2 protein chains.
Amino acid sequence: MSQHFLNIGTRLFYDDLKLQNQKVTQVNWAPLAGGDKALIEAIDGLSHDERVKAANEKAVNIVLSGHPYLIDMGLAKDMIEGYHDNLILHAGPPITWDRMCGPMQGAIIGALLFEKKANSVEEAKALASSGKIEFAPAHHYNAVGPMAGVISASMPVHVVLNKPYGNKAYCTVNEGLGKVLRFGAYDESVIHRLNWIKEELLPVMKAAIFMYDEGIDLKSLIAQALQMGDECHNRNKAATSLFFKEVVPSILKTPFKHDQIERVIRFIQTNDHYFLNLSMPATKSIMEAAHGIPYSTLVTTMARNGVDFGLRVSGSGVKSWFVAPANFVEGLLFAGYSDEDANLDLGDSTITETCGIGGFAMGASPAITQFVGGNVDDAMNYTHSMFNITMRENTSFALPALNFMGTPTGIDVVKVVKRNVLPIINTGIAHKEAGVGQIGAGVVTPPMACFNQALLASYQQLKEKSHG
Amino acid sequence: MSQHFLNIGTRLFYDDLKLQNQKVTQVNWAPLAGGDKALIEAIDGLSHDERVKAANEKAVNIVLSGHPYLIDMGLAKDMIEGYHDNLILHAGPPITWDRMCGPMQGAIIGALLFEKKANSVEEAKALASSGKIEFAPAHHYNAVGPMAGVISASMPVHVVLNKPYGNKAYCTVNEGLGKVLRFGAYDESVIHRLNWIKEELLPVMKAAIFMYDEGIDLKSLIAQALQMGDECHNRNKAATSLFFKEVVPSILKTPFKHDQIERVIRFIQTNDHYFLNLSMPATKSIMEAAHGIPYSTLVTTMARNGVDFGLRVSGSGVKSWFVAPANFVEGLLFAGYSDEDANLDLGDSTITETCGIGGFAMGASPAITQFVGGNVDDAMNYTHSMFNITMRENTSFALPALNFMGTPTGIDVVKVVKRNVLPIINTGIAHKEAGVGQIGAGVVTPPMACFNQALLASYQQLKEKSHG
């Protein structure tokens with residue numbers, strides 16, 4: 001006689017039956033919001049409020065109709081509003097120097113050396129801890145950066161315009177792999193490369209971009225790349241190729257010397273992650289336009305500083321972060337490294353998932369599983385499951401392998417807590433010591449605590465406004 | 001009460017029940033080889049012969065281990081052995097001028113004008129029908145050409161080396177879309193473009209290719225493109241991008257003038273089909289190495305001249321073609337055209353399917369269905385079903401969406417007839433009049449008659465050798 005068990009709730013019995021080689025199917029079930037009365041009341045209150053519904057509809061439509069173009073490049077201090085010489089931006093939510101992780105401290109040391117504000121590592125450390133340098137999340141300046149995400153005054157940034165809404169977003173140039181600032185490296189080769197990007201690459205690329213009347217259409221490049229196996233967070237191979245093919249003829253028309261042009265083209269050509277630093281400001285510009293809509297429970301920012309994970313919600317004000325300790329990333333480590341070497345979840349790059357690509361579009365990118373772990377079914381399932389927590393399907397981003405279904409877009413704080421499903425993020429793993437570089441890649445989620453806080457705050461605002 | 005019918009064999013009853021809105025499932029069944037005794041005997045004889053098994057094992061291993069590199073370019077008469085000034089090559093099996101389809105006659109007129117052997121269309125027609133021009137299948141010279149596939153003495157060709165086996169294959173440069181020679185156009189713009197390819201593009205590309213010690217690795221580019229949504233017959237978007245990214249830095253190192261380099265780069269950049277004329281000689285070089293193995297029933301050539309479909313089998317000698325009338329291509333026509341405008345199946349490009357990509361790799365390329373018709377499931381099913389008629393899985397060409405399964409490779413004539421499953425070819429559709437161009441794309445199969453003939457001939461040879 002064949003028996004088949006159905007286990008509902010705690011996995012304890014499931015695991016035990018499996019050990020006994022029994023057929024058993026697990027039905028995941030947990031009490032709503034862990035049975036927490038305040039959370040249940042907030043879910044109920046927010047789910048049935050017409051103002052919230054209308055605000056979310058407005059917010060997600062802004063996201064779906066966003067259309068980013070690369071329109072310019074320049075130094076951070078010249079391009080980003082409100083920049084000053086002693087300002088250094090970093091990834092994730094606010095954090096003080098003493099609490100920063102290794103890669104972020106290393107990147108800041110590198111930035112101070114690059115800016116010639118310090119002549120040695122010791123001087124840089126002393127300056128960084130002196131209080132004379134202002135640290136702020138890149139997100140506070142409409143900027144984003146992968147990994148440590150450090151931006152200083154003289155670093156070149158891409159300028160991306162979200163044309164239908166007129167807002168801009170900024171991101172540095174991707175340095176490639178190995179010893180690079182974003183992983184906290186600050187030796188001579190790193191500073192030399194940053195200077196080269198500023199002196200040689202910046203003028204050529206700026207001139208090339210200026211040849212386009214409208215800028216370079218990043219939404220179109222992302223849409224095509226999603227049809228070519230990229231998810232535009234950890235796989236940008238197709239997008240980089242398409243961007244390269246798009247921009248090379250314009251680069252050739254710039255008035256610079258042939259050998260300089262050659263070096264710039266070779267730099268882009270040899271870095272399959274070049275487009276990451278364009279997909280990030282593209283998605284940032286899209287999400288930023290949907291920020292600040294009263295009552296909306298749309299997640300507009302997810303970001304990590306390597307210590308804390310931070311969340312921002314459209315209706316909760318510009319600088320309100322909901323913060324909890326960052327998670328450990330499960331994934332594939334490069335040979336020679338172990339879990340102990342890994343920094344916690346780090347970087348602004350999860351702005352891609354916030355906008356419905358990256359981990360949310362893994363169904364477009366089965367090949368990414370060879371890099372972040374898991375199999376093709378997992379990749380498909382990640383995309384399907386994200387519809388549980390998002391507001392809409394983005395038909396501009398169609399995934400061929402999923403019958404041209406659009407990407408799940410617009411994370412709703414209420415749905416995340418109600419359904420107990422966390423956003424899927426795929427991400428690189430940094431070594432916890434400054435400057436070692438990437439040691440692997442994997443899949444991670446934000447801590448649920450961020451969403452619980454955001455939910456309660458959203459409900460609190462709703463109640464205050466209703467009574468006020 | 002719910003009834004569900006099962007219909008086996010003829011679809012007549014199935015269609016009738018469907019009309020009556022009944023639930024009915026069709027089971028396709030036909031007697032083995034249509035009940036033809038000679039075919040059944042041949043299937044039986046060839047299937048159980050150890051020499052055939054060993055020969056096929058040898059042949060398919062040559063295919064799987066083939067490794068094509070782009071090593072050179074030059075004029076056809078300088079690169080292709082045995083070329084002479086009055087030789088014009090064409091797609092498909094042998095055919096005489098008077099039987100050729102419109103696009104092929106048009107392309108030959110264009111070639112004669114390009115070669116300055118005629119000064120007008122009338123002169124060209126007179127010369128073509130005079131018997132002074134020798135026409136031969138490109139395949140007889142290890143060459144291939146898309147659509148009309150016309151090659152004349154002064155046309156530049158790619159030279160592809162199948163390194164492990166030392167054999168070479170040749171193909172012209174893709175001219176782009178619209179009015180182009182391969183669709184039979186021969187006006188001034190066509191001749192001008194051919195001259196430009198010869199005068200400006202050829203020297204630059206030849207010099208760029210020479211910068212590679214080993215040539216440009218086409219197997220690696222195809223393998224990557226298959227992971228990026230191409231099937232490398234009708235979709236070459238990723239492959240062209242990857243080729244472009246690979247070759248541009250080398251082009252920039254050539255000693256030619258900046259504006260000439262710019263024009264060459266722009267020409268490749270604006271033609272998403274550029275790589276087709278590289279995937280074709282790449283797969284041709286792979287298949288040619290496996291041709292001429294006694295007893296092998298491996299299909300080494302499938303090709304169409306727009307009137308006839310031709311097949312060649314490894315064990316059946318260099319010039320033995322098995323020929324039957326070409327099929328009509330079912331597919332999607334561009335706006336303004338109807339079935340009556342369509343030429344029959346045309347071109348050498350189905351060398352890609354012969355080598356296990358193209359239609360056989362449609363599971364890699366769900367996006368191709370938007371071009372050739374059908375849906376994503378169809379694309380997956382095509383790839384799965386081709387395992388019924390092929391000898392092996394080519395693990396060098398892994399398809400992410402199918403869990404990194406390799407492509408079905410090495411068509412066995414015996415399996416095709418025995419299982420009554422024809423190879424799937426996806427293909428462009430040419431207007432039947434010379435010079436109009438592409439009017440659509442679709443899916444087609446070869447006529448079964450070619451396979452029946454090849455099967456009987458293979459069995460005849462086996463019997464003769466057994467008795468001789």
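**Exercise 1. Two helices in chain B**

Task: In this predicted model, decide how α7(B) and α10(B) are oriented towards each other, and state which residues in α7(B) and in α10(B) meet.

Solution. Two packed helices are described by the angle between their axes and the distance between the axes. For α7(B) and helix α10 (residues 258-269) of chain B, the packing angle is about 90° and the axes lie 10 Å apart. Angles of 65 to 115 degrees count as roughly perpendicular, and α7(B) and α10(B) are therefore roughly perpendicular to each other. On the side of α7(B), the residues that take part are B:Glu200, B:Leu201, B:Val204 and B:Met205, and they meet B:Gln260, B:Ile261, B:Arg263, B:Val264 and B:Phe267 in α10(B). Sorted by class, this contact of α7(B) with α10(B) holds six nonpolar, one polar and two charged residues.

**Exercise 2. The corresponding helices in chain A**

Task: Find the angle and the axis separation for α7 and α10 of chain A, and give the classes of the residues in the contact of α7(A) with α10(A).

Solution. Helix α7 (residues 188-209) of chain A packs against helix α10 (residues 258-269) of chain A at about 90°, with 10 Å between the axes, and the two are therefore roughly perpendicular to each other. The residues in α7(A) are A:Glu200, A:Leu201, A:Val204 and A:Met205, which meet A:Gln260, A:Ile261, A:Arg263, A:Val264 and A:Phe267 in α10(A). By class, the contact of α7(A) with α10(A) consists of six nonpolar, one polar and two charged residues.

**Exercise 3. The relation between the chains**

Task: Determine which rotation and which shift superpose chain A on chain B, and describe the side of chain A that touches chain B.

Solution. Two copies of a chain are related by a rotation about an axis and a shift along it. Here a rotation of 180°, with 0.0 Å of shift along its axis, superposes chain A on chain B with an RMSD of 0.2 Å. The two copies are thus related as by a two-fold rotation axis. Of the residues of chain A, A:Met228 comes closest to the rotation axis, its C-alpha lying at 2.1 Å.

Turning to the contact itself, 23 residues of chain A are in contact with 23 residues of chain B. On the side of chain A that touches chain B, the elements that give two or more residues are α9 (237-253) and α10 of chain A, and the largest share, eight residues, comes from α9(A). By class, this side of chain A has 13 nonpolar, seven polar and three charged residues. Finally, 100% of the interface residues of chain A are also interface residues in chain B, so the copies meet through the same surface.

**Exercise 4. The surroundings of β11(A)**

Task: Establish whether the residues of β11(A) are buried or exposed, and identify how β10(A) and β12(A) join this strand.

Solution. A residue is buried if 20 or more other C-beta atoms lie within 10 Å of its own. Six of the six residues of strand β11 (residues 308-313) of chain A are buried, so the strand is largely enclosed by the rest of the structure. Both faces are covered, since A:Asp308, A:Gly310 and A:Arg312 on one side and A:Phe309, A:Leu311 and A:Val313 on the other are all buried.

Strand β10 (residues 299-305) of chain A runs antiparallel to β11(A) and is joined to it by five bridges, with A:Arg304 standing opposite A:Phe309 in β11(A). The hairpin of β10(A) and β11(A) has two residues between the strands, and in it A:Gly306 takes a positive phi near 90°. Strand β12 (residues 322-325) of chain A also runs antiparallel to β11(A), joined by four bridges, and here A:Phe309 stands opposite A:Ala324 in β12(A).

**Exercise 5. The sheet of chain B**

Task: Give the strand order of the open sheet of five strands in chain B, and name the strands that stand at the edges.

Solution. The order is β6-β8-β7-β3-β9 (chain B), with mixed pairing. At the edges stand β6 (143-144) and β9 (216-217) of chain B, each with a single partner strand, so one side of each is left without a neighbour in the sheet. Seven bridges join strand β3 (residues 68-75) of chain B to strand β7 (residues 156-162) of chain B, and these two run antiparallel; B:Leu75 stands opposite B:Pro156 in β7(B). Helix α7 (residues 188-209) of chain B packs on the sheet, where it touches β3, β7 and β9 of chain B, and its direction makes about 145° with that of β3(B).

Note on methods. Residues numbered from 1 in each chain as written. Chains lettered and ligands numbered in written order. Predicted model: local features only at pLDDT ≥ 70, side-chain atom pairs only at ≥ 80, totals over all residues. Axes fitted to C-alpha atoms, helices over the stretch in contact; angles between N-to-C directions. Parallel < 35°, antiparallel > 145°, perpendicular 65-115°, else oblique. Contact = placed C-beta atoms within 7 Å. Nonpolar A, V, L, I, M, F, W, Y, C, P; charged D, E, K, R; others polar. Buried ≥ 20, exposed ≤ 12 C-beta atoms within 10 Å, placed from the backbone. Pairing = 2+ DSSP bridges. Least-squares fit on C-alpha atoms with pLDDT ≥ 70 in both.
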